[in-house]
Amino acid sequence: MSVERTLSIVKPDAVAKPGATGEILRRFEEAGLTIVAMKKIHLTEQLARGFYAVHKERPFYGDLVKFMTSGPVVVSVLEGEGAIAKNRDLMGPTNSEEAPAGTIRGDFGTDIERNAAHGSDAPETARVEIAYFFGAAEILGPVEALA
């Protein structure tokens, strides 16, 4: 397994819960992932529409954009061995109602939309998503790690 980087977003529902953001970040680090970039932002409609453009033909797109702009989010770049799969395992299934206890979505999400977290699903997606929120100078470590 190789060292990878992945984008993580702690969504507005989890950010709004006292202590949830810190607990989610702790779980990443406890699982061996290193946070190499992080910021708390309030997505504008334009930023949310651009990030989720891949879903713009889906019926849930408008609700997703509205939800993601409803409050602050914490975006971060996680790095580590098999970071993409590890992050997705930590999050659990997309639908929080199906996510087991002990996963981020099982512990902090409530349904398929308000599911507490986003994580990249593949190396190419991770590169695009990381570049959407972070410039190279904002990420700790060598640029080669993005390849």
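Let's start with strand 3: eight of its nine residues are buried, so this strand is largely enclosed by the rest of the structure. Buried here means under 20% relative accessible area. Keep in mind as we go that this is a predicted model.

What encloses strand 3 begins with its own sheet. Four strands form an open sheet in the order 2-3-1-4, with antiparallel pairing. Strand 2 and strand 4 (117–119) are the edge strands, each pairing on one side only. Averaged over the sheet, neighbouring strands are turned by 20° against each other, direction ignored.

Now look at the two partners of strand 3. Strand 1 and strand 3 run antiparallel and are joined by eight bridges. Along this pairing, L7 stands opposite V77 in strand 3, and V10 stands opposite V74 in strand 3. Strand 2 also pairs with strand 3 in the antiparallel sense, over seven bridges. Here V77 turns up again, as the bridge partner of A37. V77 is thus a handy place to put your cursor: L7 stands opposite it, and A37 has it as a bridge partner.

In a regular strand the side chains alternate between the two faces of the sheet. With that in mind, let's turn to the helices that pack around these strands.

Helix 2 (residues 20–30) has A20, T21, I24, L25, R27 and F28 as its buried residues. They cover an arc of only 155° around the axis, which puts them on the same side of helix 2. That side packs against quite a list of elements: strand 1 (3–10), strand 2 (34–41) and strand 3 (73–81), along with helix 1 (12–15), helix 5 (83–91) and helix 6 (104–108). Just after helix 2 you will find G32, which takes a positive phi of about 95°.

Helix 4 (residues 61–68) can be read in a similar way. Its buried residues are Y61, L64, V65, F67 and M68. Viewed down the axis of helix 4, they fall within an arc of 165°, so they line one face of the helix. Their cover includes strand 1 and strand 3, as well as helix 1 and helix 3 (45–51). Strand 1, strand 3 and helix 1 are therefore worth displaying with both helices, since they are among the elements packed against the buried residues of helix 2 and also among those covering the buried residues of helix 4.

Finally, follow the chain to helix 7 (residues 123–133). This helix lies across strand 1, strand 2, strand 3 and strand 4, and runs at about 55° to strand 1.

How values were computed: Residues numbered from 1 in each chain as written. Predicted model: local features only at pLDDT ≥ 70, side-chain atom pairs only at ≥ 80, totals over all residues. Heavy atoms only, no water. Buried < 20%, exposed > 50% of the residue type's maximum accessible area, 1.4 Å probe, protein only. Helix = DSSP H or I, 4+ residues; strand = E, 2+ residues; numbered from the N terminus. Arc of directions from axis to C-beta. Contact = heavy atoms within 4.5 Å. Pairing = 2+ DSSP bridges. Axes fitted to C-alpha atoms, helices over the stretch in contact; angles between N-to-C directions.
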